[in-house]
Amino acid sequence: MAVTISQVSFEHHRVALGIGEANPRISWRFEGNFPNWAQSGYSIEVSRQTQVSPLEVDLFEYNSSASVLVPWPTVSLASSQSATVRVKAFGEGSQPDTPWSDPVSVETGLLTEDDWSGALMIGADKATEENSPHQPVLLRKEFSVSSPIEKARLYITAYGLYEAYINDKRVGTAVLAPGWQSYSHRLVYDTYDVTDLLAAGDNAFGIQVGEGWYAGRLGYGGGRRNIYGDTLGAMALLVITSSNGTQTLIPTDKTWEAGTGAIITSELYNGEVYDSRVELVGWSAPDFQTSDWIGVKELTNPVSQLAAPDGPPIRRIEEVKLQSIVTSPAGNTILDFGQNLVGWLRLRVAGPEGATIKLVHAEVLENGEVATAPLRRATQTDEFILSGKGIQVWEPTFTYHGFRYVMVDGWPVNETSLDENAVTAVVVHTDMEEAGLFECSNSLINKLHKNVRWSMKGNFMSVPTDCPQRDERLGWTGDSNAFSPTANFLYDTAGFWRGWLKDLRSEQVEGVPPVVVPTVPAAGPQMATAIWGDAVVANPWNTYLASGDLEALREQYTGAKEWLGQGIPRNGAGLWSRTTFQYGDWLDPLSPANDPGRATTSSSYVADAYLIYVTGLVAQMASELGLEDDQSRFEKWASDLKVAFGEAWVSADGHVTNETQTGLTLPLYFDLFEDDAQAGAAAVRLQKIIEANDHLVGTGFAGTHLLGLALTKYNLTDTFYKMLLQTTVPSWLYQVTMGGTTTWERWDSMLPDGSLNTGSMTSFNHYSFGSVANWIHQTIGGLAPAQPGWKTVRIHPIPGGNITSAKASFISPYGKVLTEWEVNDSGFHLTVEVPPNANAEVILPGSGTQSVIGSGTHEFSDAEFRL
């Protein structure tokens, strides 16, 4: 029955090395099932080196129940300064205290421009490629270390994507670093502990740079190259501290050398060409011969845009084994990994010199062949040219693909069998901590939930992309608006969103955010449009609900206000201007294949409904931030807009202009009807519309993520269970029964006969419609935050359909929350686990009995309940 501290963290960093906060807030999670345990105070011990003391230890004690994002207790950390922190929490009254936590290190990065010590952004001193892919460049520098090494830190970023090496050894585990930011405003640098890679005497430092998002082709319709710049480069500072305290600095400067290696091209959309015959073995080791290398040149210095990361990098997360090999009707060899995933292949192969293995990646098959039409102008093709020097292990460096199937050509079968020992799929995504789990008695729902998670993993690639395979892969704001509550349950996304939302804020123009962040020319000129623009309000709010981070909310508040005050073009009633383009209920199942915006619900109607909703959210933001005048102003504005909405769209008898699933879902969920009677009648009409549609889905992007929530709000949960369990198109389980292993962009991306939707937008890995998992977590799993940050948990499972049991858990800022329930012949049985220093509001299904409980394990039963 003891209580312990299971984790101490700083801000939202999984590893607090090279952070940008000189006063990082501290959080700690608990483990233990002591009943009703609450924290009455805490002690923080901070140990660090100072100029006057080799180890200074300070102890700070507070009478406070706070354990999430508490203020840094002592003087600010200087640049590159580390500290070790331990925490102890005290129970109330006679409750036990925790032991001291394990010590956890925190270390700042380079906090000022001067700390970069004159490091330059350097590139190869050669003409850059024009209207063609950029060959990755190699940069290297040799140096000597004379004194014993105490510690060494590498600070590094790039114009493009980098991989760093010291003495021929790879630095770190991040891939596709430093990720994608709005480079004109923010360029992330990374920090690595490289102490163990250095040696006394001669050393070498190498950096390989590929085009990535910085200079590669981005956007559909052919896209555009060199959006941010046309020359690849790297900027780094290696700081070596000797045992006597002296420092040696190795910055990128004009003394470096440049060359090229075996990567001929490496493009995000089109894949990589690697000629292993020209590999430069040992190019990042000392004494490498560089007589044919060239010098470097200084590029525009980004030091004023440099920023430490807010969230984790992209990493290799897992591997998927080959499931089967098939020969297509055309005689092609196709690998099936059994899972639509995002990443690349690793090959282990021997073959003759000059033999070329060609790998074409695709998500699905059509008529037995890899379906490349959905890729549009992306080829997703890797080529590996063998050296003929025995077994080679290779994987691409500066590209990634969305695929389940790979067509292989040129495999040297006479020397290497093509089997699971020769090819492995490597899964990559932003390395967020997994937070939420769910399973139930229905195997199809479990598979749907797994598919939702896989689509999130494949599209959280430094930014929240729409898809991972075609010539797009952009950070569409509307998609993230719909999906963010689901994302925030599945993973700890707080750091991920904080960085991306900074870019969204930076790219607002006169209050208008772009529809994709970072913005690209292919998305067209910046325009105000509902839902997509509303992400500047909804996403910060949803992140706040999950994390409880008031400062992150404060960072976004001005942008939210500017969107409402300046960004939205309005008509005389204060609603949206009717001349403004709207995406509306995008991909309504009845919209034409090549006109996804022609929905059955008016796009202006949708825009106005969302306008009132986000105006109310800004009022709530103001309330949380203690801005009473703003709160009153936005509450009145929302109230006035609700009246205007009623006059524009609701008849005297309470009918709305568009009596569709989305048309009724929005005013029901957003409370836009005049009174409860109107709302109740509208809910009944929505139920009848759904029944008349055989409980099939009739919503697009605007309505899908709210449909189940609206029905449950009006006690129509059974109706949504019937929708959720449908297996014909359009439905969620249709995709599962058709063999989908991720969620699709369209309800019918694949038609019942196995052919593909002919629309130009036919992705098989899109997370938007997977937003239904938010309802699954809240209603089947019974878990939701009752207040921001999960200090109080709302536990309200509502069994239904043919589901007789379910289990859900979530790693909250306080620790693990769990629900597990079953309905059997003896009624309803629920087990709840609440972490220390948190509490929960429990509402039982059927009877509606309510309880408020503290930490520990609790059992509830209702012998009268039946499905």
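**Helix packing, cavities and pockets in a predicted model**

Biologist: A494, W497, W500, L501 and L504 in α4 meet V536, N539, P540, T543 and S547 in α5. What makes this a contact of α4 with α5?

Modeller: This is a predicted model, and a contact here requires heavy atoms within 4.5 Å, a condition that the listed residues of α4 and α5 fulfil. Sorted by class, the residues of this contact of α4 with α5 comprise seven nonpolar, three polar and no charged.

Biologist: How are α4 and α5 oriented, and what angle supports the description?

Modeller: Helix α4 (residues 494–506) and helix α5 (residues 535–547) pack at about 160°, and their axes are 11 Å apart. Angles over 145 degrees count as roughly antiparallel, and α4 is therefore roughly antiparallel to α5. The crossing in which α4 passes α5 is left-handed.

Biologist: Which term applies to α9 and α11, and why?

Modeller: The axes of helix α9 (residues 661–669) and α11 cross at roughly 60° and come within 8 Å. Roughly parallel would need an angle under 35 degrees, and roughly perpendicular one of 65 to 115; α9 and α11 are therefore oblique to each other. Their crossing is left-handed.

Biologist: Which residues bring α9 and α11 together?

Modeller: From α9 come Q661, T662, T665, L666, L668 and Y669, which meet A702, G703, L706, L707, L709, A710 and K713 in α11. Eight of the residues in this contact of α9 with α11 are nonpolar, four are polar and one is charged.

Biologist: What makes an empty space in the model a cavity rather than a pocket?

Modeller: A cavity is a set of points where a 1.4 Å probe fits but cannot get out, whereas a pocket is an open set. By this rule, there are six cavities of 30 Å³ or more. The largest cavity holds about 260 Å³ of space, and of the 24 residues lining this cavity, P178, Q181, G311, P312 and S462 are the closest to its centre. Helix α4 gives the most to this lining, with five residues, and by class the lining of the largest cavity has 13 nonpolar, seven polar and four charged residues.

Biologist: P178 also has a cis peptide bond, so to speak, on record in your list; what is the omega value there?

Modeller: Omega is about 5° for the cis peptide bond that joins A177 and P178, and P178 lies in the loop between β12 (169–170) and β13 (187–188). Another cis peptide bond joins V729 and P730, with omega at about 0°, and P730 lies in the loop between α12 and α13 (732–737).

Biologist: Which residues line the second largest cavity, and why is H134 counted as polar there?

Modeller: The second largest cavity, with a volume of about 70 Å³, is lined by A124, K126, T128, E129, H134, Q135, V137, D230, T231 and L232. Asp, Glu, Lys and Arg count as charged, and His is not among the residues named as nonpolar or charged, so H134 counts as polar. The lining of this second largest cavity accordingly divides into three nonpolar, four polar and three charged residues.

Biologist: How much space is in the largest pocket, and what lines this pocket?

Modeller: The largest pocket has a volume of about 1,400 Å³ and a lining of 50 residues, of which Y669, L709, N774, Q778 and A784 lie nearest its centre. Among the elements that each supply at least two residues of this lining are α3 (477–490), α8 (628–649) and β36 (783–785), while α7 gives the most, with six residues. The lining of the largest pocket has 28 nonpolar, 17 polar and five charged residues.

Biologist: What is the make-up of the second largest pocket?

Modeller: The second largest pocket, of about 1,000 Å³, is lined by 37 residues, and Q49, S80, Q81, S82 and K151 lie nearest its centre. The elements giving two or more residues to this lining include β4 (39–48), β10 (149–159) and β16 (233–242). The lining of the second largest pocket has 12 nonpolar, 18 polar and seven charged residues.

Note on methods. Residues numbered from 1 in each chain as written. Predicted model: local features only at pLDDT ≥ 70, side-chain atom pairs only at ≥ 80, totals over all residues. Heavy atoms only, no water. Axes fitted to C-alpha atoms, helices over the stretch in contact; angles between N-to-C directions. Helix = DSSP H or I, 4+ residues; strand = E, 2+ residues; numbered from the N terminus. Left-handed = near helix turned anticlockwise from the far one by under 90°. 1 Å grid on protein atoms, 1.4 Å probe; cavity = no way out; pocket = protein on both sides within 12 Å on 5 of 7 lines; lining within 4 Å. Points joined across faces, edges and corners; volume = space filled by probe spheres on them.
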